[in-house]
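Reader: I'd like a close look at one part of this model, the sheets and what packs around them. Could you walk me through that part slowly?

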Amino acid sequence: MPELTLAVLTLDGRRVTVAPGTTVLAALQNAGLSPLRSSLSGEPRGALCGMGSCYECRAVVDGLLMRTCLTPARDGQNVRRLLEVAREF
Amino acid sequence: MNSEVWDAVVVGAGPAGLMAARTAAEGGLRVLLLDAQPGAGGQIWRGAAAGQKGTAGDLLRDVAAHPGITVLSGAEVMAAETRERAHTLTVTTAAGLRQIHAERVILATGANERFLPFDGWTLPGVVGAGGLQAMSKGGLNVRGKRVVVAGSGPLLLAVAAGLRQKGARVLAVAEQAGLTGVAAFGMAAARLPGKSREASALAAGLLGVPYWADCAVVRASGQNQLQSVTLRRGRREIRLDCDYLAVGFGLVPETRVAALLGCALDNTGAVRVNVWQATSIQGVYAAGEVCGIGGVDGALLEGFVAGCAASGQIERLRDAPRRADLQRRFQRVLERSFALRPERLHTPLPATIVCRCEDVRHGELRGFAGWTAAKLQTRCGMGVCQGRVCGPACETLYGWRFEGARAPLVPLPLAQLLDEPTTLSPP
(Lines give C-alpha, C1' and ligand atoms only; values in the text may rest on other atoms or scores of the structure.)
Protein backbone atom coordinates (compact mmCIF):
# COMPACT_ATOMS: atom_id res chain seq x y z
CA MET A 1 0.00 0.00 0.00
CA PRO A 2 1.67 3.31 -1.01
CA GLU A 3 2.18 5.93 1.66
CA LEU A 4 -0.18 8.88 1.29
CA THR A 5 1.56 11.53 3.37
CA LEU A 6 4.56 13.73 2.59
CA ALA A 7 7.88 12.41 3.82
CA VAL A 8 10.74 14.43 5.30
CA LEU A 9 14.15 12.89 4.73
CA THR A 10 17.73 13.96 5.12
CA LEU A 11 19.94 13.99 2.04
CA ASP A 12 23.58 14.57 2.90
CA GLY A 13 22.48 16.54 5.94
CA ARG A 14 19.88 18.57 4.04
CA ARG A 15 16.23 18.10 5.04
CA VAL A 16 13.85 17.77 2.10
CA THR A 17 10.15 17.08 1.83
CA VAL A 18 8.92 14.76 -0.89
CA ALA A 19 5.57 13.70 -2.26
CA PRO A 20 4.17 10.18 -1.80
CA GLY A 21 5.52 7.68 -4.33
CA THR A 22 8.85 9.45 -4.74
CA THR A 23 11.97 7.31 -4.93
CA VAL A 24 15.12 8.27 -3.04
CA LEU A 25 16.80 8.74 -6.44
CA ALA A 26 14.19 11.27 -7.54
CA ALA A 27 14.48 13.05 -4.17
CA LEU A 28 18.25 13.35 -4.66
CA GLN A 29 17.92 14.59 -8.21
CA ASN A 30 15.15 17.07 -7.41
CA ALA A 31 17.39 18.47 -4.67
CA GLY A 32 20.14 18.97 -7.26
CA LEU A 33 22.30 16.32 -5.61
CA SER A 34 23.99 14.80 -8.60
CA PRO A 35 26.47 13.26 -9.34
CA LEU A 36 25.61 10.46 -6.99
CA ARG A 37 28.94 8.74 -6.84
CA SER A 38 32.43 9.00 -8.18
CA SER A 39 33.69 6.17 -10.34
CA LEU A 40 37.08 4.52 -10.02
CA SER A 41 38.53 7.33 -12.11
CA GLY A 42 36.92 10.02 -10.01
CA GLU A 43 34.67 11.18 -12.83
CA PRO A 44 31.16 12.30 -11.96
CA ARG A 45 28.37 9.86 -12.71
CA GLY A 46 24.63 10.00 -12.65
CA ALA A 47 22.02 7.29 -12.54
CA LEU A 48 21.67 5.52 -15.88
CA CYS A 49 18.96 2.87 -15.93
CA GLY A 50 16.50 4.02 -13.28
CA MET A 51 15.34 0.41 -12.85
CA GLY A 52 17.87 -1.34 -10.67
CA SER A 53 20.16 -2.80 -13.33
CA CYS A 54 23.12 -0.42 -13.47
CA TYR A 55 23.72 0.15 -9.74
CA GLU A 56 24.99 3.67 -10.46
CA CYS A 57 22.56 5.32 -8.09
CA ARG A 58 23.74 3.52 -4.97
CA ALA A 59 23.73 5.49 -1.75
CA VAL A 60 23.81 4.72 1.95
CA VAL A 61 20.21 4.76 3.16
CA ASP A 62 19.82 4.41 6.92
CA GLY A 63 23.20 2.73 7.09
CA LEU A 64 22.65 0.26 4.26
CA LEU A 65 23.96 0.44 0.73
CA MET A 66 20.88 0.65 -1.49
CA ARG A 67 19.98 1.29 -5.10
CA THR A 68 18.11 4.55 -4.69
CA CYS A 69 15.99 3.99 -7.81
CA LEU A 70 14.42 0.96 -6.10
CA THR A 71 14.07 2.61 -2.70
CA PRO A 72 10.88 4.48 -1.86
CA ALA A 73 11.47 7.69 0.09
CA ARG A 74 10.14 7.38 3.63
CA ASP A 75 9.72 9.79 6.50
CA GLY A 76 12.81 10.09 8.67
CA GLN A 77 15.20 8.42 6.22
CA ASN A 78 18.86 9.40 6.32
CA VAL A 79 20.49 9.28 2.88
CA ARG A 80 24.17 9.82 2.24
CA ARG A 81 25.78 9.72 -1.18
CA LEU A 82 28.84 7.53 -1.54
CA LEU A 83 30.76 10.62 -2.55
CA GLU A 84 30.06 12.16 0.86
CA VAL A 85 30.72 8.96 2.80
CA ALA A 86 34.04 8.51 0.98
CA ARG A 87 35.16 12.01 1.97
CA GLU A 88 35.27 10.88 5.60
CA PHE A 89 38.00 8.35 4.88
CA MET B 1 17.09 -19.29 5.76
CA ASN B 2 13.33 -19.59 5.25
CA SER B 3 12.36 -22.52 3.05
CA GLU B 4 8.91 -22.78 1.52
CA VAL B 5 6.99 -24.73 -1.11
CA TRP B 6 4.53 -23.23 -3.60
CA ASP B 7 2.49 -24.69 -6.47
CA ALA B 8 3.87 -22.05 -8.81
CA VAL B 9 6.28 -19.15 -8.65
CA VAL B 10 6.01 -16.25 -11.08
CA VAL B 11 9.15 -14.15 -11.40
CA GLY B 12 8.38 -10.57 -12.46
CA ALA B 13 5.24 -8.54 -11.79
CA GLY B 14 4.94 -6.68 -15.08
CA PRO B 15 2.02 -7.28 -17.46
CA ALA B 16 3.11 -10.84 -18.37
CA GLY B 17 3.76 -11.85 -14.76
CA LEU B 18 0.57 -10.32 -13.39
CA MET B 19 -1.50 -12.02 -16.09
CA ALA B 20 0.28 -15.34 -15.59
CA ALA B 21 -0.20 -15.18 -11.81
CA ARG B 22 -3.90 -14.35 -12.06
CA THR B 23 -4.53 -17.03 -14.68
CA ALA B 24 -2.59 -19.72 -12.80
CA ALA B 25 -4.45 -18.87 -9.58
CA GLU B 26 -7.78 -19.07 -11.42
CA GLY B 27 -6.71 -22.60 -12.29
CA GLY B 28 -6.46 -23.43 -8.58
CA LEU B 29 -2.71 -23.03 -8.01
CA ARG B 30 -1.20 -21.37 -4.95
CA VAL B 31 1.02 -18.75 -6.56
CA LEU B 32 3.93 -16.68 -5.27
CA LEU B 33 4.56 -13.57 -7.41
CA LEU B 34 8.04 -12.09 -6.97
CA ASP B 35 9.33 -8.73 -8.14
CA ALA B 36 12.46 -6.67 -7.55
CA GLN B 37 10.63 -3.34 -7.66
CA PRO B 38 8.92 -1.88 -4.59
CA GLY B 39 5.52 -2.22 -6.28
CA ALA B 40 3.91 -4.43 -8.93
CA GLY B 41 3.35 -3.24 -12.50
CA GLY B 42 6.76 -3.63 -14.11
CA GLN B 43 8.36 -0.77 -16.00
CA ILE B 44 5.44 -0.08 -18.28
CA TRP B 45 2.83 0.07 -15.52
CA ARG B 46 5.10 1.56 -12.87
CA GLY B 47 3.06 3.69 -10.53
CA ALA B 48 -0.29 2.29 -11.73
CA ALA B 49 -2.86 1.83 -8.97
CA ALA B 50 -5.05 -1.20 -8.33
CA GLY B 51 -8.55 -0.52 -9.54
CA GLN B 52 -7.74 2.37 -11.86
CA LYS B 53 -9.43 2.29 -15.28
CA GLY B 54 -7.94 -0.12 -17.80
CA THR B 55 -6.13 -3.44 -17.94
CA ALA B 56 -3.34 -2.43 -15.55
CA GLY B 57 -5.76 -1.40 -12.81
CA ASP B 58 -7.90 -4.49 -13.31
CA LEU B 59 -4.96 -6.88 -13.15
CA LEU B 60 -3.35 -5.20 -10.17
CA ARG B 61 -6.66 -5.29 -8.29
CA ASP B 62 -7.37 -8.92 -9.18
CA VAL B 63 -3.88 -10.04 -8.20
CA ALA B 64 -3.97 -8.14 -4.91
CA ALA B 65 -7.41 -9.53 -4.06
CA HIS B 66 -6.96 -13.14 -5.14
CA PRO B 67 -6.62 -15.43 -2.12
CA GLY B 68 -4.43 -17.82 -4.10
CA ILE B 69 -1.74 -15.22 -4.87
CA THR B 70 0.94 -13.88 -2.56
CA VAL B 71 2.92 -10.90 -3.85
CA LEU B 72 6.49 -10.46 -2.65
CA SER B 73 7.92 -7.09 -3.75
CA GLY B 74 11.53 -5.98 -3.32
CA ALA B 75 12.62 -9.58 -3.92
CA GLU B 76 15.31 -10.60 -6.40
CA VAL B 77 16.33 -14.07 -7.48
CA MET B 78 19.99 -14.52 -6.62
CA ALA B 79 20.26 -18.22 -7.43
CA ALA B 80 18.13 -20.84 -9.20
CA GLU B 81 18.49 -24.52 -9.94
CA THR B 82 16.52 -27.42 -11.33
CA ARG B 83 16.67 -30.95 -9.95
CA GLU B 84 14.50 -33.40 -11.86
CA ARG B 85 10.98 -31.88 -11.65
CA ALA B 86 11.62 -29.53 -8.75
CA HIS B 87 12.92 -26.00 -9.08
CA THR B 88 14.51 -23.99 -6.33
CA LEU B 89 14.87 -20.21 -6.33
CA THR B 90 16.91 -18.42 -3.70
CA VAL B 91 15.56 -14.95 -3.28
CA THR B 92 17.07 -11.96 -1.52
CA THR B 93 14.72 -9.63 0.35
CA ALA B 94 15.14 -6.89 2.93
CA ALA B 95 14.40 -9.50 5.58
CA GLY B 96 17.06 -11.92 4.36
CA LEU B 97 17.24 -14.87 2.00
CA ARG B 98 14.29 -17.14 1.23
CA GLN B 99 14.51 -20.48 -0.49
CA ILE B 100 11.47 -21.23 -2.61
CA HIS B 101 10.64 -24.61 -4.08
CA ALA B 102 8.04 -25.15 -6.80
CA GLU B 103 7.21 -27.65 -9.53
CA ARG B 104 6.15 -24.82 -11.83
CA VAL B 105 8.03 -21.59 -12.49
CA ILE B 106 6.81 -18.88 -14.84
CA LEU B 107 9.56 -16.47 -15.87
CA ALA B 108 8.36 -12.99 -16.72
CA THR B 109 11.65 -11.24 -16.08
CA GLY B 110 11.21 -8.67 -18.85
CA ALA B 111 14.11 -6.89 -20.48
CA ASN B 112 16.91 -4.41 -19.91
CA GLU B 113 17.63 -1.40 -22.06
CA ARG B 114 20.51 -1.71 -24.50
CA PHE B 115 23.00 1.11 -23.99
CA LEU B 116 25.73 1.77 -26.52
CA PRO B 117 28.74 3.82 -25.49
CA PHE B 118 29.58 7.16 -27.07
CA ASP B 119 31.83 9.96 -25.96
CA GLY B 120 30.37 11.58 -22.84
CA TRP B 121 27.74 8.94 -22.07
CA THR B 122 28.92 8.68 -18.45
CA LEU B 123 28.02 12.30 -17.71
CA PRO B 124 25.23 12.87 -15.20
CA GLY B 125 22.18 13.80 -17.26
CA VAL B 126 22.71 11.03 -19.82
CA VAL B 127 20.14 8.43 -18.84
CA GLY B 128 18.32 5.49 -20.33
CA ALA B 129 15.22 6.40 -22.30
CA GLY B 130 13.11 3.99 -20.27
CA GLY B 131 15.21 5.03 -17.28
CA LEU B 132 14.19 8.66 -17.49
CA GLN B 133 10.59 7.57 -17.88
CA ALA B 134 10.94 5.39 -14.78
CA MET B 135 12.60 8.22 -12.84
CA SER B 136 9.85 10.65 -13.77
CA LYS B 137 7.22 8.11 -12.68
CA GLY B 138 9.21 7.87 -9.45
CA GLY B 139 8.88 11.58 -8.75
CA LEU B 140 11.73 13.19 -10.73
CA ASN B 141 10.57 16.67 -11.69
CA VAL B 142 11.13 17.13 -15.43
CA ARG B 143 8.91 20.19 -15.82
CA GLY B 144 10.67 22.73 -18.03
CA LYS B 145 13.71 20.48 -18.52
CA ARG B 146 15.14 20.33 -22.04
CA VAL B 147 15.29 16.69 -23.15
CA VAL B 148 16.68 15.04 -26.26
CA VAL B 149 15.45 11.48 -26.82
CA ALA B 150 17.73 9.33 -28.97
CA GLY B 151 18.58 5.77 -29.91
CA SER B 152 16.21 3.32 -31.50
CA GLY B 153 12.79 1.76 -31.24
CA PRO B 154 9.20 2.68 -30.52
CA LEU B 155 10.02 3.13 -26.82
CA LEU B 156 11.60 6.48 -27.75
CA LEU B 157 8.22 7.80 -28.86
CA ALA B 158 6.45 6.57 -25.75
CA VAL B 159 9.13 8.12 -23.55
CA ALA B 160 9.04 11.43 -25.41
CA ALA B 161 5.25 11.63 -25.16
CA GLY B 162 5.28 10.69 -21.48
CA LEU B 163 7.93 13.27 -20.60
CA ARG B 164 6.15 15.97 -22.55
CA GLN B 165 2.97 15.19 -20.67
CA LYS B 166 4.91 15.83 -17.45
CA GLY B 167 6.01 19.24 -18.68
CA ALA B 168 9.42 18.47 -20.20
CA ARG B 169 10.52 20.34 -23.32
CA VAL B 170 11.35 17.55 -25.76
CA LEU B 171 13.72 19.12 -28.30
CA ALA B 172 13.90 16.19 -30.70
CA VAL B 173 13.53 12.45 -31.09
CA ALA B 174 16.55 11.01 -32.93
CA GLU B 175 16.02 7.50 -34.36
CA GLN B 176 18.91 5.57 -35.87
CA ALA B 177 16.64 3.51 -38.14
CA GLY B 178 15.87 4.82 -41.60
CA LEU B 179 12.50 6.20 -42.68
CA THR B 180 11.63 3.02 -44.59
CA GLY B 181 11.93 0.93 -41.43
CA VAL B 182 9.96 3.39 -39.36
CA ALA B 183 7.21 3.50 -42.01
CA ALA B 184 7.05 -0.32 -42.17
CA PHE B 185 6.62 -0.45 -38.41
CA GLY B 186 3.89 2.22 -38.56
CA MET B 187 1.94 0.21 -41.13
CA ALA B 188 2.26 -3.03 -39.15
CA ALA B 189 1.08 -1.25 -36.01
CA ALA B 190 -1.91 0.21 -37.85
CA ARG B 191 -3.11 -3.32 -38.65
CA LEU B 192 -3.40 -4.22 -34.96
CA PRO B 193 -6.38 -2.52 -33.29
CA GLY B 194 -4.69 -1.87 -29.94
CA LYS B 195 -1.49 -0.62 -31.52
CA SER B 196 -3.22 1.79 -33.92
CA ARG B 197 -5.01 3.48 -31.01
CA GLU B 198 -1.73 3.67 -29.13
CA ALA B 199 0.06 5.14 -32.16
CA SER B 200 -2.61 7.83 -32.66
CA ALA B 201 -2.39 8.84 -29.00
CA LEU B 202 1.42 9.02 -29.22
CA ALA B 203 1.32 11.11 -32.39
CA ALA B 204 -1.10 13.54 -30.77
CA GLY B 205 1.17 13.83 -27.74
CA LEU B 206 4.19 14.61 -29.88
CA LEU B 207 2.78 17.28 -32.19
CA GLY B 208 5.48 19.84 -32.88
CA VAL B 209 8.37 17.65 -31.71
CA PRO B 210 10.90 16.97 -34.50
CA TYR B 211 11.27 13.24 -35.26
CA TRP B 212 14.51 12.61 -37.10
CA ALA B 213 15.01 9.18 -38.65
CA ASP B 214 18.51 8.15 -39.74
CA CYS B 215 19.96 10.23 -36.93
CA ALA B 216 22.54 9.09 -34.37
CA VAL B 217 24.20 10.43 -31.25
CA VAL B 218 27.83 11.47 -31.75
CA ARG B 219 28.73 12.77 -28.31
CA ALA B 220 27.42 14.24 -25.08
CA SER B 221 29.32 17.23 -23.71
CA GLY B 222 29.49 19.08 -20.44
CA GLN B 223 31.60 19.89 -17.43
CA ASN B 224 30.61 17.43 -14.67
CA GLN B 225 27.02 17.54 -15.98
CA LEU B 226 25.44 17.16 -19.40
CA GLN B 227 25.17 20.46 -21.22
CA SER B 228 24.73 19.55 -24.88
CA VAL B 229 24.30 16.68 -27.29
CA THR B 230 25.72 16.40 -30.79
CA LEU B 231 23.71 14.37 -33.29
CA ARG B 232 24.61 13.37 -36.82
CA ARG B 233 21.83 13.56 -39.37
CA GLY B 234 22.98 12.69 -42.85
CA ARG B 235 26.25 14.59 -43.23
CA ARG B 236 25.19 17.35 -40.87
CA GLU B 237 26.06 17.56 -37.21
CA ILE B 238 23.46 19.18 -34.96
CA ARG B 239 24.26 20.39 -31.45
CA LEU B 240 21.42 20.79 -28.98
CA ASP B 241 21.82 22.30 -25.51
CA CYS B 242 19.85 20.17 -23.07
CA ASP B 243 19.43 19.01 -19.47
CA TYR B 244 18.80 15.33 -20.20
CA LEU B 245 19.71 12.97 -22.99
CA ALA B 246 17.38 9.98 -22.79
CA VAL B 247 19.03 7.30 -24.85
CA GLY B 248 18.39 3.62 -25.50
CA PHE B 249 18.97 1.25 -28.38
CA GLY B 250 16.11 -1.16 -27.93
CA LEU B 251 15.59 -3.81 -25.28
CA VAL B 252 17.47 -6.98 -24.42
CA PRO B 253 15.62 -9.93 -22.85
CA GLU B 254 16.61 -10.50 -19.20
CA THR B 255 17.42 -14.20 -19.31
CA ARG B 256 19.72 -14.72 -16.33
CA VAL B 257 17.28 -16.64 -14.15
CA ALA B 258 16.29 -18.70 -17.18
CA ALA B 259 19.95 -19.46 -17.84
CA LEU B 260 20.50 -20.65 -14.27
CA LEU B 261 17.53 -22.99 -14.62
CA GLY B 262 19.03 -24.37 -17.83
CA CYS B 263 16.45 -22.99 -20.30
CA ALA B 264 17.59 -22.94 -23.92
CA LEU B 265 17.83 -19.58 -25.66
CA ASP B 266 17.14 -18.84 -29.33
CA ASN B 267 19.54 -17.15 -31.74
CA THR B 268 18.29 -13.68 -30.72
CA GLY B 269 19.20 -14.34 -27.09
CA ALA B 270 15.58 -14.75 -25.94
CA VAL B 271 14.21 -17.76 -24.06
CA ARG B 272 12.99 -20.39 -26.50
CA VAL B 273 9.37 -21.42 -25.87
CA ASN B 274 6.76 -23.57 -27.61
CA VAL B 275 3.11 -22.61 -28.29
CA TRP B 276 2.28 -23.23 -24.61
CA GLN B 277 5.09 -20.89 -23.51
CA ALA B 278 6.92 -23.91 -22.13
CA THR B 279 10.72 -23.67 -22.10
CA SER B 280 13.13 -26.53 -22.69
CA ILE B 281 13.02 -27.33 -18.96
CA GLN B 282 10.02 -29.26 -17.69
CA GLY B 283 7.75 -27.15 -15.51
CA VAL B 284 9.40 -23.85 -16.48
CA TYR B 285 7.38 -21.44 -18.62
CA ALA B 286 8.30 -18.00 -19.88
CA ALA B 287 6.22 -15.04 -21.00
CA GLY B 288 6.69 -11.47 -22.16
CA GLU B 289 9.85 -9.67 -23.21
CA VAL B 290 12.10 -12.47 -21.89
CA CYS B 291 10.83 -14.47 -24.91
CA GLY B 292 11.48 -11.62 -27.38
CA ILE B 293 10.60 -7.94 -27.47
CA GLY B 294 6.97 -7.52 -28.51
CA GLY B 295 5.23 -4.99 -26.28
CA VAL B 296 2.51 -5.12 -23.70
CA ASP B 297 -0.23 -6.85 -25.75
CA GLY B 298 2.02 -9.76 -26.59
CA ALA B 299 3.20 -9.95 -22.98
CA LEU B 300 -0.38 -10.17 -21.71
CA LEU B 301 -1.24 -12.89 -24.18
CA GLU B 302 1.86 -14.91 -23.36
CA GLY B 303 1.25 -14.47 -19.64
CA PHE B 304 -2.26 -15.83 -20.12
CA VAL B 305 -1.02 -18.81 -22.13
CA ALA B 306 1.73 -19.58 -19.61
CA GLY B 307 -0.73 -19.31 -16.71
CA CYS B 308 -3.20 -21.65 -18.45
CA ALA B 309 -0.51 -24.14 -19.44
CA ALA B 310 1.08 -24.23 -15.99
CA SER B 311 -2.31 -24.85 -14.34
CA GLY B 312 -3.67 -27.27 -16.96
CA GLN B 313 -6.45 -24.99 -18.26
CA ILE B 314 -5.90 -25.99 -21.86
CA GLU B 315 -9.58 -25.49 -22.80
CA ARG B 316 -9.14 -21.72 -22.29
CA LEU B 317 -6.51 -21.53 -25.02
CA ARG B 318 -8.68 -22.11 -28.11
CA ASP B 319 -8.13 -18.63 -29.60
CA ALA B 320 -4.56 -18.23 -28.39
CA PRO B 321 -2.62 -19.62 -31.38
CA ARG B 322 -4.29 -17.17 -33.81
CA ARG B 323 -3.65 -14.19 -31.53
CA ALA B 324 -0.11 -15.32 -30.83
CA ASP B 325 0.59 -15.59 -34.56
CA LEU B 326 -0.52 -11.95 -35.06
CA GLN B 327 1.71 -10.85 -32.20
CA ARG B 328 4.70 -12.80 -33.51
CA ARG B 329 4.32 -11.21 -36.95
CA PHE B 330 4.23 -7.80 -35.33
CA GLN B 331 7.31 -8.72 -33.31
CA ARG B 332 9.21 -9.67 -36.47
CA VAL B 333 8.34 -6.35 -38.12
CA LEU B 334 9.50 -4.56 -34.98
CA GLU B 335 12.85 -6.39 -35.05
CA ARG B 336 13.38 -5.69 -38.76
CA SER B 337 12.27 -2.06 -38.64
CA PHE B 338 14.56 -1.03 -35.81
CA ALA B 339 17.49 -3.35 -36.44
CA LEU B 340 20.67 -1.64 -35.31
CA ARG B 341 22.83 -0.43 -38.19
CA PRO B 342 26.37 -0.34 -36.81
CA GLU B 343 27.56 1.58 -39.87
CA ARG B 344 25.19 4.42 -38.99
CA LEU B 345 26.12 4.54 -35.32
CA HIS B 346 29.07 6.51 -34.08
CA THR B 347 32.11 4.34 -33.31
CA PRO B 348 33.29 4.96 -29.74
CA LEU B 349 36.63 6.69 -29.31
CA PRO B 350 39.47 4.60 -27.78
CA ALA B 351 39.06 6.60 -24.56
CA THR B 352 35.29 6.07 -24.37
CA ILE B 353 34.30 4.00 -21.33
CA VAL B 354 32.44 0.81 -22.22
CA CYS B 355 32.26 -0.91 -18.81
CA ARG B 356 31.04 1.81 -16.45
CA CYS B 357 31.54 -0.21 -13.26
CA GLU B 358 35.23 -0.91 -13.89
CA ASP B 359 36.07 2.07 -16.11
CA VAL B 360 37.22 -0.13 -18.97
CA ARG B 361 37.62 1.76 -22.23
CA HIS B 362 36.92 0.86 -25.85
CA GLY B 363 40.64 1.03 -26.66
CA GLU B 364 41.36 -1.67 -24.07
CA LEU B 365 38.67 -4.02 -25.36
CA ARG B 366 39.14 -4.00 -29.10
CA GLY B 367 40.96 -7.09 -30.23
CA PHE B 368 39.82 -9.56 -27.56
CA ALA B 369 38.19 -12.67 -28.98
CA GLY B 370 35.44 -12.88 -26.38
CA TRP B 371 34.19 -12.26 -22.87
CA THR B 372 36.43 -14.61 -21.01
CA ALA B 373 39.68 -13.12 -22.31
CA ALA B 374 38.39 -9.57 -21.89
CA LYS B 375 37.23 -10.23 -18.32
CA LEU B 376 40.50 -11.81 -17.33
CA GLN B 377 42.59 -8.99 -18.76
CA THR B 378 40.43 -5.92 -18.09
CA ARG B 379 37.67 -6.78 -15.55
CA CYS B 380 35.07 -5.73 -18.14
CA GLY B 381 31.69 -7.06 -16.98
CA MET B 382 32.99 -7.97 -13.52
CA GLY B 383 31.70 -4.93 -11.69
CA VAL B 384 28.61 -4.52 -9.61
CA CYS B 385 26.16 -4.63 -12.55
CA GLN B 386 27.73 -7.94 -13.69
CA GLY B 387 27.50 -7.05 -17.37
CA ARG B 388 23.89 -5.88 -17.42
CA VAL B 389 25.01 -2.60 -19.03
CA CYS B 390 28.23 -3.46 -20.85
CA GLY B 391 27.15 -7.00 -21.88
CA PRO B 392 24.69 -5.94 -24.59
CA ALA B 393 27.05 -3.10 -25.59
CA CYS B 394 29.93 -5.54 -26.12
CA GLU B 395 27.65 -7.89 -28.00
CA THR B 396 26.86 -5.08 -30.45
CA LEU B 397 30.37 -3.62 -30.62
CA TYR B 398 32.49 -6.78 -30.64
CA GLY B 399 30.06 -9.61 -31.36
CA TRP B 400 30.55 -11.28 -27.95
CA ARG B 401 27.59 -13.22 -26.59
CA PHE B 402 27.36 -12.77 -22.82
CA GLU B 403 26.89 -16.21 -21.28
CA GLY B 404 28.23 -15.62 -17.84
CA ALA B 405 25.10 -15.97 -15.72
CA ARG B 406 26.02 -17.53 -12.40
CA ALA B 407 24.90 -17.21 -8.82
CA PRO B 408 24.73 -14.85 -7.09
CA LEU B 409 22.95 -12.90 -9.83
CA VAL B 410 22.81 -9.75 -7.73
CA PRO B 411 25.20 -8.32 -5.14
CA LEU B 412 23.95 -8.95 -1.63
CA PRO B 413 25.19 -8.25 1.87
CA LEU B 414 27.62 -10.84 3.21
CA ALA B 415 25.43 -11.01 6.31
CA GLN B 416 22.66 -12.56 4.19
CA LEU B 417 24.95 -15.32 2.97
CA LEU B 418 25.96 -15.94 6.56
CA ASP B 419 22.25 -16.00 7.46
CA GLU B 420 22.62 -13.14 9.91
CA PRO B 421 20.46 -10.03 10.35
CA THR B 422 21.45 -7.46 7.71
CA THR B 423 20.78 -4.31 9.73
CA LEU B 424 23.97 -2.36 10.21
CA SER B 425 24.57 0.54 12.53
CA PRO B 426 23.97 3.91 10.89
CA PRO B 427 27.29 5.58 10.06
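Author: Here's a stroll through the sheet of chain B, its helices and the cores, with the sheet of chain A to finish. Keep in mind that this is a predicted model.

Let's start with chain B. It has an open sheet built from 5 strands in the order 8-15-9-10-11, and the pairing is parallel. The edges are taken by strand 8 (126-128) and strand 11 (211-212) of chain B; each has a single partner strand, so one side of each is left without a neighbour in the sheet. Further in, strand 9 (residues 146-152) and strand 10 (residues 169-175) of chain B run parallel and are joined by 6 bridges. If you want a spot to zoom in on, take Arg146(B), whose bridge partner in strand 10 of chain B is Arg169(B).

Now add the helices. Helix 3 (residues 129-137) of chain B lies across strands 8, 9 and 15, and runs at about 90 degrees to strand 8 of chain B. Helix 4 (residues 155-165) of chain B lies across strands 9, 10, 11 and 15, and runs at about 180 degrees to strand 10 of chain B.

On to the nonpolar side of things. The largest nonpolar core has 53 residues, and Val126(B), Leu231(B), Leu245(B) and Leu365(B) have the most contacts inside it. Take Leu365(B): leaving out residues up to four places away in sequence, Leu365(B) touches several residues, including Val354(B), Val360(B), Ala374(B), Cys380(B), Tyr398(B) and Trp400(B). Another core, of 37 residues, lies apart from the largest one, with Val10(B), Met19(B), Ala24(B) and Ala306(B) among its members.

Chain A makes a nice counterpoint. Its 2 helices and 7 strands follow the sequence β-β-α-β-β-β-β-β-α from the N terminus on. Of the 89 residues in chain A, 56% are buried. Here, 5 strands form an open sheet in the order 2-1-7-5-6, with mixed pairing. Strand 2 (14-18) and strand 6 (64-67) of chain A sit at the edges with a single partner strand each, so one side of each has no neighbour in the sheet. On average, neighbouring strands of this sheet are turned by 35 degrees against each other, direction ignored. Within the sheet, strand 5 (residues 58-61) and strand 7 (residues 78-81) of chain A run antiparallel and are joined by 3 bridges. One residue to look up there is Val60(A), which has Arg80(A) as its bridge partner in strand 7 of chain A.

Definitions and conventions
Residues numbered from 1 in each chain as written. Chains lettered and ligands numbered in written order. Predicted model: local features only at pLDDT ≥ 70, side-chain atom pairs only at ≥ 80, totals over all residues. Heavy atoms only, no water. Helix = DSSP H or I, 4+ residues; strand = E, 2+ residues; numbered from the N terminus. Buried < 20%, exposed > 50% of the residue type's maximum accessible area, 1.4 Å probe, protein only. Pairing = 2+ DSSP bridges. Axes fitted to C-alpha atoms, helices over the stretch in contact; angles between N-to-C directions. Core = buried A, V, L, I, M, F, W, Y, C linked by side-chain atoms within 4.5 Å. Contact = heavy atoms within 4.5 Å.
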